[in-house]
Amino acid sequence: MKPLSAKGEKARARLKDAALTVLERDGYHRMRIADVTREAGMAQGLFYHYFNDLKSLTVEVLTEFSRANQDPAEIEKDVQPGDWYSRIYAHNLVIVRSYARRPGIMRCLLQLADEDPEFGAMLRENYRSQLMWLVDLMPVLFRDVHFKRHQALMVVYSLAGIGEGLIREYFINRSEPLLAAKLTVEQFAELMSTMFYRALFLEHPEEKQLHYTRNLAAMAR
């Protein structure tokens, strides 16, 4: 496509914002071009001035969404050095907020990853890169373990899976027994962070940092 004018860039951005709204509301498989242009307040015929097809629009907006808020330095900007619980919590809070604010988009990410190998590979690479900050630190945190790099990666992946099924059931599948807990985003992030911290360090986080999970310190033998 030819370079767009400033007006054209704004129109393209409107279509992308509209696509996010429609994906959240209707889902990946039900979205149509007419839905997107209607949401954007544009004539349907203008769509092909800016995108080749609906799939290219979907891949672009979901790729941008999945890559947002991934900079560890930005995520941890308010965390004190050496405060591992707060560090873990900061990362989990970003994840939980994404699921809470955009559960439909999170569902679409998973669906498209299953159906489009290239998009799925990108999403998995994003996930791996998000974990590498901890993989790189495992030999420093636990010097006596003498981690091989692939072993550190496997351990971190195992830890990262804590809460994965829970977060999908709660925010995407809307499981009634789980929703009965009525957790706030902060409580949910605290629960995931506490369980992650306990599994990583084999101890409970400091009581002063906790609210919802403070009583779980008694889960010990």
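**Exercise 1. A warm-up on accessibility and phi**

Arg 174 has a relative accessible area of 47%; work out whether that makes Arg 174 buried, partly exposed or exposed, and place the residue in the chain.

*Solution.* Before starting, note that this is a predicted model, where local features need pLDDT of at least 70 and side-chain atom pairs count only at pLDDT 80 or more, while totals for chains, interfaces and linings use all residues. Residues are numbered from 1 along each chain as its sequence is written, and side-chain values use heavy atoms, with hydrogens and water left out.

Step 1: get the cut-offs. Buried is under 20% relative accessible area, exposed is over 50%, and partly exposed is in between (1.4 Å probe, protein chains only).

Step 2: apply them. At 47%, Arg 174 is partly exposed.

Step 3: find the residue. Arg 174 sits in the loop between α10 (164–172) and α11 (176–179). Helix labels like these come from DSSP runs, numbered from the N terminus (H or I, at least four residues, for helices; E, at least two, for strands).

Step 4: check the backbone. Phi of Arg 174 is near 55 degrees, a positive value in a residue other than glycine.

Now do the same for His 146: where is it, and is it buried or exposed?

*Solution.* His 146 belongs to the loop between α8 and α9. With a relative accessible area of 63%, His 146 is exposed. Its phi is near 55 degrees, again positive in a non-glycine residue.

**Exercise 2. Two helix pairs**

Describe how α7 and α8 cross, and say which residues make the contact.

*Solution.* Two packed helices are described by the angle between their axes and the distance between the axes.

Step 1: the geometry. The axes of α7 (residues 103–115) and α8 (residues 117–141) come within 5 Å and cross at roughly 125 degrees. Axes here are lines fitted to C-alpha atoms, over the stretch in contact for helices, and angles run from 0 to 180 degrees between N-to-C directions.

Step 2: the class. Under 35 degrees is roughly parallel, over 145 roughly antiparallel, 65 to 115 roughly perpendicular, and the rest oblique. So α7 and α8 are oblique to each other.

Step 3: the contact, meaning heavy atoms within 4.5 Å. From α7 come Leu 109, Leu 112, Ala 113 and Glu 115, and from α8 come Pro 117, Phe 119, Gly 120 and Leu 123. That splits into 6 nonpolar, 1 polar and 1 charged residues.

Next, repeat the job for α4 and α8: what is their crossing angle, and what meets what?

*Solution.* The axes of α4 and α8 come within 10 Å and cross at roughly 10 degrees, so these two helices are roughly parallel to each other. Val 59, Leu 62, Thr 63, Ser 66 and Arg 67 of α4 meet Phe 119, Met 122, Leu 123 and Asn 126 of α8. By class, this contact has 5 nonpolar, 3 polar and 1 charged residues.

**Exercise 3. Salt bridges**

Say how many salt bridges the structure holds, then take apart the one between Glu 64 and Lys 16.

*Solution.* Step 1: the count. There are 13 salt bridges, each one a side-chain nitrogen of Lys or Arg within 4 Å of a carboxyl oxygen of Asp or Glu.

Step 2: the pair. Glu 64 and Lys 16 join through their side chains at 2.8 Å, N to O. Glu 64 lies in α4 (residues 54–67) and Lys 16 in α1 (residues 6–26), 48 residues apart, linking distant parts of the chain.

Step 3: the surroundings. Glu 64 is partly exposed at 42%, whereas Lys 16 counts as buried at 15%.

What separates Asp 136 from Arg 149 along the chain, and what links them?

*Solution.* Their side chains form a salt bridge of 2.9 Å, N to O. Asp 136 is in α8 and Arg 149 is in α9 (residues 149–160), 13 residues apart. Asp 136 is partly exposed, at 41%, and Arg 149 is exposed, at 52%. As for shared partners, salt bridges join Arg 12, Lys 16, Glu 60 and Glu 64 into one network.

**Exercise 4. The buried side of α2**

List the buried residues of α2 and name the helices they pack against.

*Solution.* In α2 (residues 33–40), the buried residues are Ile 33, Asp 35, Val 36, Thr 37 and Ala 40. They pack against α1, α3 (47–50) and α4. Just after α2, Gly 41 takes a positive phi of about 70 degrees.

Definitions and conventions: Ala, Val, Leu, Ile, Met, Phe, Trp, Tyr, Cys and Pro count as nonpolar, Asp, Glu, Lys and Arg as charged, and the others, Gly among them, as polar.
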